[in-house]
Amino acid sequence: MAHCPYCLSPVSKKDVVCPACGAEKGYLYFNRRSRGLVFLFAFGLLIPLAVVLPFLFYFQGMGLPFWLAATVALGLAIFTIQRLVVGPTWYR
Ligand SMILES: [Zn+2]
């Protein structure tokens, strides 16, 4: 039996909300809510693509703005992979 890290109440593996304190299990905490896989993929893959693709198609440039965008995209991708490896965690 697992325990909620916030209130230490027992929670089952299937629980996505702590019955005692309302903590939520998810992959990402955003805007005061725990978010699932869809949100993680949107955040970690679509945003990086949206940031980098315009540079590749419109600017054809590899100047500083591109590398800044690429760094942000890479950071988000690494963050996403790390969240996937760790698995869902509790947020409150
Ligand atoms: Zn709890």
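**Contacts and architecture of the predicted chain**

Beyond its neighbours within four places in sequence, Tyr-27 is in contact with Arg-35, Gly-36, Leu-37, Leu-40, Arg-83 and Pro-88. The model described here is predicted. Tyr-27 is placed in the loop between strand 3 (24-26) and strand 4, and this residue is buried, as 23 other C-beta atoms lie within 10 Å and the cut-off for burial is 20 or more. A further relation links Tyr-27 to Phe-39: the two are separated by 12 residues in sequence, and their C-alpha atoms are 8.4 Å apart in space. Phe-41 is likewise related to Tyr-27, at 14 residues in sequence and 9.9 Å from C-alpha to C-alpha. Phe-41 belongs to helix 1 (residues 37-59). With 13 C-beta neighbours inside 10 Å, Phe-41 is classed as partly exposed, whereas Tyr-27 is buried.

The protein chain contains 2 helices and 6 strands. Read from the N terminus, the order of these elements is β-β-β-β-β-α-α-β. The radius of gyration of the protein chain is 17 Å, well over the 12 Å that the globule rule gives for 92 residues, and the chain is therefore more spread out than a compact globule. The C-alpha trace spans about 55 × 20 × 20 Å along its principal axes. Of the 92 residues in the protein chain, 15% are buried. Among contacts with a separation of 6 or more, 38% are formed by residues 24 or more positions apart.

The domain assignment divides the protein chain into domain 1 (1-34) and domain 2 (36-87). A distance of 28 Å separates the C-alpha centres of the two domains. Their contact involves 4 residues from domain 1 and 6 residues from domain 2. On the side of domain 1 that touches domain 2, 3 residues are nonpolar, 1 is polar and none is charged.

Helix 2 covers residues 64-86, a run of 23 residues. From the first C-alpha to the last, helix 2 reaches 33 Å, close to the 33 Å expected at 1.5 Å a residue. The number of buried residues in helix 2 is 2 of 23, so this helix lies largely in the open. Gly-87, just after helix 2, adopts a positive phi of about 90°.

The largest nonpolar core comprises 5 residues, namely Cys-4, Val-11, Cys-18, Ala-23 and Trp-90. Within this group, Trp-90 is located in strand 6 (residues 89-91). Trp-90 is buried because 22 other C-beta atoms lie within 10 Å, against a threshold of 20 or more. Neighbours within four places in sequence aside, the contacts of Trp-90 are Cys-4, Pro-5, Tyr-6, Ala-23 and Lys-25. The C-alpha atoms of Trp-90 and Val-16 are separated by 8.4 Å, although the two residues are 74 residues apart along the chain. Ala-23, also a member of the core, is in contact with Cys-4, Tyr-6, Cys-18, Trp-90, Tyr-91 and Arg-92 when neighbours within four places in sequence are left aside. Cys-4 and Tyr-6 thus appear among the contacts of Ala-23 and among those of Trp-90.

The loops of the N-terminal strands include exposed positions. Leu-8 is found in the loop between strand 1 (2-3) and strand 2 (10-11). Leu-8 counts as exposed because it has 11 C-beta neighbours inside 10 Å, where exposure requires 12 or fewer. Leu-8 and Cys-21, which are 13 residues apart in sequence, lie 9.4 Å apart from C-alpha to C-alpha.

The loop between strand 4 (28-30) and strand 5 (33-35) contains Asn-31, and Arg-32 is placed in the loop between strand 4 and strand 5 as well. Most residues other than glycine have a negative phi. Asn-31 nevertheless shows a positive phi, near 55°, and Arg-32 shows a positive phi near 65°. Asn-31 is exposed, with 6 other C-beta atoms within 10 Å. Arg-32 is exposed too, with 8 other C-beta atoms within 10 Å.

Definitions and conventions: Residues numbered from 1 in each chain as written. Predicted model: local features only at pLDDT ≥ 70, side-chain atom pairs only at ≥ 80, totals over all residues. Core = buried A, V, L, I, M, F, W, Y, C linked by C-beta atoms within 7 Å. Contact = placed C-beta atoms within 7 Å. Domains from an automatic or database assignment. Nonpolar A, V, L, I, M, F, W, Y, C, P; charged D, E, K, R; others polar. Helix = DSSP H or I, 4+ residues; strand = E, 2+ residues; numbered from the N terminus. Expected span 1.5 Å × (residues − 1). Rg over C-alpha atoms; globule rule 2.2 N^0.38 Å.
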